[in-house]
Amino acid sequence: MTKAALLGIPFDDNSSFERGPAKAPAVIRKVLSSGSLNSGCENGQNLKDNPAWVDCGDILINPQDDFVQTIESACDKLLADGTRLLTLGGDHSISYPLLKSYAKVYPNLTILHIDAHSDLYDSFKGNRLSNACPFARIMEDKLCVRLVQMGIRTLNQHQVEQAQRFGVQMIEMKDWQPGDMPSLEGPIYLSLDIDGIDPAFAPGVSHREPGGFTSREIINIIHQIKGPLVGADIVEFNPLKDIDNMTAQLAAKLVKEVAGKLIDTE
Ligand code: MN
Ligand code: MN
């Protein structure tokens, strides 16, 4: 049985603009257990009383801790028995330590990264571990064999150069049509920044960048991932910026759809 586990990382020390994503795991879990939605996934899986779906709780990071080391070693332990993690951030900086751990188990990993931003800065405001930098670190450390980015709609020259330098495959939002999907070969890791979705659907983010995916489009993209999805993170939901819980509800819906996918494919 393929087991998938929910993991919270309430950590936003590397947010380059506004804090708040540290509050996201608790808010998303609250929606999931609120009774406002049932536990059925669109692919026919159901998370309720499902032995393949467990909650591992949160990784707590103290101010004196090295967050990279703390997350990586916790993730190493959770991956040891083949569990697939669905991690709730937290800001996007947590993806680097998660992928450090994943790369040890899956040396031929493809990453699908959905985001308004490419997060390829060499350094941002003097911080090389900023939420604007994780994919520069991931590519430098060769933690995947292929990085495909979708939803990107705010590039500057530095990021274009970084993408070329690292051989990143980028499908900019301006070039994407509904139904377009890159062909990916497994194992696949999905890193989903909530700001990849249009702020009309997901206002609860620190960096609102109009012109993104609709809720339906993002769900369809998740469903269209072929090959085994072995891990995922959902990051950058900022409850402090949300309107009437609408981003929280969407994040909970995405948890269900990603979880359904994690437990569905061998
Ligand atoms: Mn972003
Ligand atoms: Mn991001």
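**Figure 1. Helix 7 has the length expected of its residues.** In this predicted model, helix 7 covers residues 246–264. Helices here are DSSP runs of H or I with at least four residues, and strands are runs of E with at least two, both numbered from the N terminus. How far apart should the ends of helix 7 be? At 1.5 Å a residue, its 19 residues should span 27 Å. The expected span is 1.5 Å times one less than the number of residues. The end C-alpha atoms are 27 Å apart, so the two values agree. Helix 7 is also mostly covered, with 15 of its 19 residues buried. Buried means under 20% relative accessible area, exposed means over 50%, and partly exposed lies in between (1.4 Å probe, protein chains only). Residues are numbered from 1 along each chain as its sequence is written, while chains are lettered from A and ligands numbered from 1 in the order in which they are written. Because the model is predicted, local features need pLDDT of at least 70 and side-chain atom pairs count only at pLDDT 80 or more, while totals for chains, interfaces and linings use all residues; side-chain values use heavy atoms, leaving out hydrogens and water.

**Figure 2. Helix 2 crosses helix 3.** Two packed helices are described by the angle between their axes and the distance between the axes. Helix 2 spans residues 67–79 and helix 3 spans residues 95–105. Their axes come within 8 Å and cross at roughly 40 degrees. Axes are lines fitted to C-alpha atoms, for helices over the stretch in contact, and angles run from 0 to 180 degrees between N-to-C directions. The crossing is right-handed. That term applies if the near helix is turned clockwise from the far one by less than a right angle; anticlockwise would be left-handed. Which residues meet? From helix 2 come F67, V68, I71, E72, C75, D76 and L79. From helix 3 come Y96, P97, L98, K100, S101, Y102, K104 and V105. Contact means heavy atoms within 4.5 Å. By class, this contact has 10 nonpolar, one polar and four charged residues. Ala, Val, Leu, Ile, Met, Phe, Trp, Tyr, Cys and Pro count as nonpolar, Asp, Glu, Lys and Arg as charged, and the others, Gly among them, as polar.

**Figure 3. D115 bridges two manganese ions.** The manganese ion (ligand 1) and the manganese ion (ligand 2) lie 3.3 Å apart. Which protein donors hold ligand 1? They are D115 (OD), H117 (ND1), D193 (OD), D195 (OD) and D195 (OD), lying 2.2 to 2.5 Å from the ion. Donors are N, O and S atoms within 2.8 Å of the metal (3.2 Å for Na, K and Ca); water is not among the atoms, so sites may look incomplete. In sequence, the donor residues of ligand 1 are spaced D-x1-H-x75-D-x1-D. H117 lies in the loop between strand 4 (110–114) and helix 4 (134–140), and D195 in the loop between strand 7 (188–193) and helix 6 (215–224), so the pair ties together parts that are 78 residues apart in sequence. Both H117 and D195 are buried.

**Figure 4. Four residues supply the protein donors of the second manganese ion.** For the manganese ion (ligand 2), the donors are H92 (ND1), D115 (OD), D119 (OD) and D193 (OD). They lie 2.1 to 2.2 Å from the ion. The sequence spacing is H-x22-D-x3-D-x73-D. D115 and D119 are buried.

**Figure 5. T2 and L32 have contacts beyond their sequence neighbours.** T2 sits in the segment before strand 1 (4–9). T2 counts as buried because its relative accessibility is 11%. Beyond four places in sequence, T2 touches A52, R84, L262, I263, T265 and E266. L32 belongs to helix 1 (residues 24–32). With 27% relative accessibility, L32 counts as partly exposed. Leaving aside neighbours within four places, L32 contacts L6, L37, A252, V255 and K256.

**Figure 6. Loops hold cis peptide bonds and positive phi angles.** Most residues other than glycine have a negative phi, and most peptide bonds are trans. The bond from G89 to G90 is cis, with omega near 10 degrees. G90 lies in the loop between strand 3 (84–89) and helix 3. The bond from G186 to P187 is also cis, with omega near -5 degrees. P187 lies in the loop between strand 6 (169–172) and strand 7. E236 has a positive phi of about 70 degrees, although it is not a glycine. E236 is in the loop between strand 8 (229–235) and helix 7. Is E236 buried or exposed? At 3% relative accessibility, E236 counts as buried. N245 has a positive phi of about 65 degrees. N245 also lies between strand 8 and helix 7, but counts as partly exposed at 38% relative accessibility.
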